[in-house]
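Hi,

Here is the structure I promised to pass on. Have a look at it first, and my notes follow underneath.

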4 protein chains.
Amino acid sequence: MNTSDTIVTKRATVPTIESLLFTPHPVLDHGFVTVVDYMGDDAAICQAARVSYGKGTRSVSDNRNLINYLMRHRHTSPFEMCVLKLHLKMPLFVARQWVRHRMASINEYSARYSVLDKEFYVPEEGVICTQSANNKQGRGEQISPKKAREVAERLAREAQQSYHTYEQFLGEEYSLARELARINLPLSMYTQFYWKIDLHNLFHFLTLRCEEHAQYEIREYAHVILRIVESWVPLSFAAFKDYRLNAVTFSQTMMGVLRRILAGENVQQKNSGLTKREWEEFQASLSTSPHQ
Amino acid sequence: MNTSDTIVTKRATVPTIESLLFTPHPVLDHGFVTVVDYMGDDAAICQAARVSYGKGTRSVSDNRNLINYLMRHRHTSPFEMCVLKLHLKMPLFVARQWVRHRMASINEYSARYSVLDKEFYVPEEGVICTQSANNKQGRGEQISPKKAREVAERLAREAQQSYHTYEQFLGEEYSLARELARINLPLSMYTQFYWKIDLHNLFHFLTLRCEEHAQYEIREYAHVILRIVESWVPLSFAAFKDYRLNAVTFSQTMMGVLRRILAGENVQQKNSGLTKREWEEFQASLSTSPHQ
Amino acid sequence: MNTSDTIVTKRATVPTIESLLFTPHPVLDHGFVTVVDYMGDDAAICQAARVSYGKGTRSVSDNRNLINYLMRHRHTSPFEMCVLKLHLKMPLFVARQWVRHRMASINEYSARYSVLDKEFYVPEEGVICTQSANNKQGRGEQISPKKAREVAERLAREAQQSYHTYEQFLGEEYSLARELARINLPLSMYTQFYWKIDLHNLFHFLTLRCEEHAQYEIREYAHVILRIVESWVPLSFAAFKDYRLNAVTFSQTMMGVLRRILAGENVQQKNSGLTKREWEEFQASLSTSPHQ
Amino acid sequence: MNTSDTIVTKRATVPTIESLLFTPHPVLDHGFVTVVDYMGDDAAICQAARVSYGKGTRSVSDNRNLINYLMRHRHTSPFEMCVLKLHLKMPLFVARQWVRHRMASINEYSARYSVLDKEFYVPEEGVICTQSANNKQGRGEQISPKKAREVAERLAREAQQSYHTYEQFLGEEYSLARELARINLPLSMYTQFYWKIDLHNLFHFLTLRCEEHAQYEIREYAHVILRIVESWVPLSFAAFKDYRLNAVTFSQTMMGVLRRILAGENVQQKNSGLTKREWEEFQASLSTSPHQ
């Protein structure tokens, strides 16, 4: 681990994230998110933007206004100037979703080089749910406590059995190559990796992974990172929340409907030009409040 | 599946890869590599290079010379102008290595949306080996046929058990959400995905994944792709083989040693400035022949 | 140049874009956009999506619905499966904006290898405008025809003078290295390059470069490409237009205001929580119609 | 500009690069390289690698050995964990080469938002050379001092004239939009930008831009950055120098020739299987010494 000795620097430094450095935030039953390093702050974003706009930035003289302007007009490159490095521990099936974000750097624990620890994810009974009826990729209602307990116990027991086989394969009797011994381990096994990403791409990650359609387990990680980002770059985070995370996008057709409604017309799905599904989404956007 | 009706086009077209389109090449026990689409050919690479060099390409008038020149001098951008699209089926632990190549596009089968097929990888007995003594990430010698059979049978049996649990979780009794039911499935399960990559990045992939330190299972896929590339862009492939795949890189220190040897000096490891490991690699490079 | 001989293929082929292949579309005074190659079609996007969603795609059985669904929910990866390759000729100052899009492949004419042609951009008098008063990066009103003519003539004359110096530097008297002789050529000089980009990134490019804040000259190119994309992947293009190009995004605060308005409240800027600039943008979104 | 107040941090900190922060290193006649921020150090690379290899790294216990091992075996991902942020000022024709490196973040001064300063590059007389006879992209011999002076004076004079026109266009008489007024400015004009890149990609940049075929002006910047990297991550820099920058790659055919030579055979170009050009490159590699 990094030495936590305090040392002086001339670099942009943020006390509120300094206090989080090297301290694991627990997630799920064995996972964590640990801030290992960061580069830049809200002022660094503005500094980069001001190189671009030169005297053209005079009108947005303070940092908050400039950051809001950048976020609103999707001037995303200044946000690339900040970088976050995390140490993450998560189940393999979550890690498989994670690595789909390609604009990031990863160093993952290798089960070819080393033996995996005996740690696997068993969901809490409260999040063991049935297949959603209307959402093809998601969960529906909680199953009965009794059945939830059965599922959890069976997941735990069978993961332990897999690990037992893994140990036997690695043991003296077989001395099997690690890269082979591990192939029957389950997707619930924990892995860990270093992950480095710039703030622009992190915002994109958070938009997708805080979303209600993301799997519960990855959302748990995303929400912890959300809080880290808030304490690191509070102005950018506020702008992100307002203009991205809780923003709503209406299609051209929806905008047409909206204008008719505002003009006093009584628009129904049938005469809206929207499909049933779009109409529902449209209605939901107009009534619901943000949740983050 | 794509219609295989033959249709006319004015695009760059390569008959030798046309004949491979939509036909799965089997890999391992249940995997495959299928060419779904391609863009460009050897001539397209030269065409792009000639836009860059304009009249400056006059001296390398024919395509073979130009491609060799580009490969030798690492002018890599013209190779980005060709694209290959594959449909791949492979075990999850291979797919996890695969997606580390970020400069590619992927659409993978989602176990949140759909039920996984009952297919998992069981290695042939001939490739079930012990942990290598000198290579931390690799396999050593074959284990005894009897033990190999035990390993294979146990892998098969336990994967089947995992799948049985998966089916029960999905069944009427639990109706568990797919995204949860799958978490105890093993890394030997097969997944499938579309993969689109440009030729420059594909060459990089092949350099790393044909290498003897790559895991046997991913090498099996890489070797099939090697043959596909050969039939698609034969001139580029020949250049790649000569200047990249079977090329050898000597460090500055190694070059010093080489020059001393060529000058007649009897250099030993002790007075070479190379570590023992480097000296071995150096000696191996000078004696071995290429294998591809 | 590519042979335009017609040949048979089993690949996804689109007659409407085939007919555009190798034919330059003129842009500005000397520029062009030429389709050199393409990979995939609307069906190929659906095919890739169906690999992901497996049986989960049953409910969106036809291609149009599936593509609309993908676009609406920002499932962007299937759009990466289509690729367009263009030959472009444009002024250097436009090319400098163009290359900021990093997720693309480029082979540009090199003024180190070859002599640049005597072609430079002189704007038509109708687009010679004053600095915009309220838009820091844009044009305001047309200047008088007389002054516009003066500007155009001076731009043409001085570019010719620069080129004359360039020729003298390259001539026998100096035989100056090409890489040096070109350094005083103006940003209005034409360059050309091959550009290969996938459809997802192309949509992102078009969103930014068709926008009214983009410089007029790059918009002229973007609009030509818009028409090419429409003839290549009509279903994706229609979805892009509805859900992206002409879509409107409202911030969390704007959504709050919208809900209050719909509830019958008379909201003014002062009690809206929006800045003056945001309020204007909000009002404009509610009243204006799409322009593409 | 960033406050240079010294503040405490728990992050990885390198005193030797701290002392370079915010101080411009002059390059060419008006350019500079300024270190604005950095993330990570040699130890951070090892730390990331050790996450990957776990107990598998025991054998390379010290950082120097581990870094050498990573560099030699092209395990490049740990080097992505370090990041450098520079403020750069350079002529436009150099910036055009610079931005071809896509795996970096840029915020460039915008001539649409702001007025460019009156600064342009005029080469020193000693580097004003004729076109190289054997290198299509490079310079040959110095031209006579008298002619060099003529070239330099003409470049300076004509750049000044262009700038004069620019000022008139922007002035009261025309009030031309900035985005138009600048189109006849020469490629020798200075621009400036923030540039953020990870160490792996920076090494790639340096390999290409320190190379003798790179244009003299960009090499001047690359050499300054080389020294910055040396003071930041000395172990990685040493490994980079030995295994990458001054390393030599021999093709499969060259390796065959080398083996024959070492076996005592008298190989000539004619019976080598190498082209004349390759033979020359091969001979040069065996005789020359490194230059960095």
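**Where chains A and D meet**

Of the residues of chain A, A:Val8 comes closest to the rotation axis, with its C-alpha at 2.1 Å. Before you read on, keep in mind that this is a predicted model.

The axis in question relates chain A to chain D: a turn of 180° with a shift of 0.0 Å along the axis lays chain A on chain D, with an RMSD of 0.0 Å. That is how a two-fold axis relates two copies. Both copies also use the same surface, since 100% of the contact residues of chain A turn up again in chain D.

You can see this in the strands too. E1 of chain A and E1 of chain D (residues 7-9) pair antiparallel over 3 bridges. And which residue of E1(D) is the bridge partner of A:Val8? D:Val8 is.

As for the whole contact, 45 residues come from chain A and 45 residues from chain D. On the chain A side, several elements each supply at least two residues, including strand E3 (31-39), strand E4 (83-91) and strand E8 (190-198). The most comes from H2(A), which gives 7 residues. By class, the side of chain A that touches chain D has 19 nonpolar, 16 polar and 10 charged residues.

**A sheet in chain B**

Now turn to chain B, where 5 strands form an open sheet in the order E2-E3-E4-E8-E5, with antiparallel pairing. The edges are taken by strand E2 (25-27) and strand E5 (105-108); each has a single partner strand, so one side of each has no neighbour in the sheet. On average, neighbouring strands of this sheet are turned by 25° against each other, ignoring direction.

Inside the sheet, E3 (residues 31-39) and E4 (residues 83-91) of chain B run antiparallel and are joined by 7 bridges. If you want one pair to click on, B:Met39 has B:Val83 as its bridge partner in E4(B).

Two helices lie across these strands. Helix H8 of chain B (residues 216-232) lies across E2, E3 and E4 of chain B, at about 30° to E3(B). The other belongs to chain C: helix H2 (residues 42-53) of chain C lies across E3, E5 and E8 of chain B, at about 55° to E5(B).

**Domains of chain A**

The domain assignment gives domain 1 (1-120 + 189-247), domain 2 (122-187) and domain 3 (252-287) for chain A. Taken over C-alpha atoms, the centres of domain 2 and domain 3 of chain A are 44 Å apart.

Cheers

Conventions. Residues numbered from 1 in each chain as written. Chains lettered and ligands numbered in written order. Predicted model: local features only at pLDDT ≥ 70, side-chain atom pairs only at ≥ 80, totals over all residues. Domains from an automatic or database assignment. Least-squares fit on C-alpha atoms with pLDDT ≥ 70 in both. Contact = placed C-beta atoms within 7 Å. Helix = DSSP H or I, 4+ residues; strand = E, 2+ residues; numbered from the N terminus. Nonpolar A, V, L, I, M, F, W, Y, C, P; charged D, E, K, R; others polar. Pairing = 2+ DSSP bridges. Axes fitted to C-alpha atoms, helices over the stretch in contact; angles between N-to-C directions.
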